[in-house]
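Trainee: I am new to this structure. Can you walk me through how to read it?

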Amino acid sequence: MSAQLIYDLVPLGAIIRFSDGTPRPPEQHRKKLAAWEHRNSGGRLIRKQAERRVGNTVIGATITLHASDYGGGGVVVLRVHRTFSVDSDLRFVVTERPRVGAVRVLSRPGEDTELVYLASSRADAETWLQSHGYPDAVLDEVTTDAPAADVMEGRTAA
């Protein structure tokens, strides 16, 4: 799939893999391997941002993936997000969709929101919110009304 199709069809919370189509270099080529891993990885889709205008500049639509967290002892010190233009030359694949009945905790209402937590249930989402303090958070239950991305990839919706 293209990044544009991810933007148009895939719901927040899905696990996405991306690739430039090149083969993985051998382990002993550390610099080449690091460069390859930068263009061949994945993450959870947490944001879709529409095209916007800043002065005379048009900033194209983007998708953002949560790639990883770093820290220790239950404390996240660094959160890694990867943002891609919908014009990206990379290929994207949906590897997992959010489970029906799961609840997305979104940072705020409206179009420019971000997924901050994917809960297994409404009770789990409410418990998480009590300890993480997002005052404008919105809870959004995952339903079965978005099978379009799986059909685009030639699979049937689960």
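Mentor: Begin with a term. A nonpolar core is a set of buried Ala, Val, Leu, Ile, Met, Phe, Trp, Tyr and Cys residues joined through side-chain atoms within 4.5 Å. Buried here means under 20% relative accessible area. Keep in mind that this is a predicted model.

Trainee: Which residues of the largest nonpolar core touch the most other members?

Mentor: They are Ile6, Val10, Ile16, Leu45, Ile63 and Phe92. The core holds 21 residues.

Trainee: Which helices and strands each supply at least two residues of this core?

Mentor: One helix and four strands do: α1 (3-9), β1 (15-19), β2 (41-49), β5 (62-72) and β7 (91-96). The largest share comes from α1, with 3 residues. Another core lies apart from this one. That core has 7 residues, including Val103, Val105, Val116 and Ala119.

Trainee: Let me zoom in. What does isoleucine 16 touch, leaving out residues up to four places away in sequence?

Mentor: Its contacts include Ile6 and Val10. Ser41, Gly42, Gly43, Leu45 and Leu65 are also on the list. So are Phe92, Val93, Val94 and Thr95.

Trainee: Now the strand around it. How should I read the side chains of a strand?

Mentor: Here is the general idea. In a regular strand the side chains alternate between the two faces of the sheet. Now the case here. Along β1, Ile16 and Phe18 point to one face, and both are buried. Ile15, Arg17 and Ser19 point to the other face and are not buried.

Trainee: Which strands does β1 pair with, and in what sense?

Mentor: β1 and β2 run antiparallel, joined by 4 bridges. β1 also pairs with β7 in the antiparallel sense, over 5 bridges. You can find single partners too. Isoleucine 15 stands opposite arginine 44 in β2. Isoleucine 16 has valine 94 in β7 as its bridge partner.

Trainee: On to charged side chains. How do I recognise a salt bridge?

Mentor: Look for a side-chain nitrogen of Lys or Arg within 4 Å of a carboxyl oxygen of Asp or Glu. By this rule the count comes to 7 salt bridges. Take arginine 24 and glutamate 37: their closest N and O atoms are 3.7 Å apart. This pair links distant parts of the chain, 13 residues apart. Arginine 24 sits in the loop between β1 and α2 (30-39), and glutamate 37 in helix α2.

Trainee: Are these two buried, exposed or partly exposed, and what are their values?

Mentor: Arginine 24 is partly exposed, at 44% relative accessibility. Glutamate 37 is partly exposed as well, at 37%.

Trainee: Where do the partners of the salt bridge between aspartate 89 and arginine 39 lie?

Mentor: Aspartate 89 is in the loop between β6 (75-85) and β7, while arginine 39 is in helix α2. They are 50 residues apart. The N to O distance is 3.3 Å. Aspartate 89 counts as exposed, at 60% relative accessibility. Arginine 39 is partly exposed, at 30%.

Trainee: What does the salt bridge between arginine 79 and aspartate 69 tie together?

Mentor: Arginine 79 lies in strand β6 and aspartate 69 in strand β5, so the pair ties together parts 10 residues apart in sequence. The N to O distance is 2.8 Å. Arginine 79 is partly exposed, at 44%. Aspartate 69 is partly exposed, at 34%.

Trainee: Which residues are joined into one network by salt bridges that share partners?

Mentor: Asp20, Arg39 and Asp89.

Methods: Residues are numbered from 1 along each chain as its sequence is written. This is a predicted model: local features need pLDDT of at least 70, side-chain atom pairs count only at pLDDT 80 or more; totals for chains, interfaces and linings use all residues. Side-chain values use heavy atoms; hydrogens and water are left out. Buried means under 20% relative accessible area, exposed over 50%, partly exposed in between (1.4 Å probe, protein chains only). Contact means heavy atoms within 4.5 Å. Two strands pair if DSSP finds at least two bridges between them.
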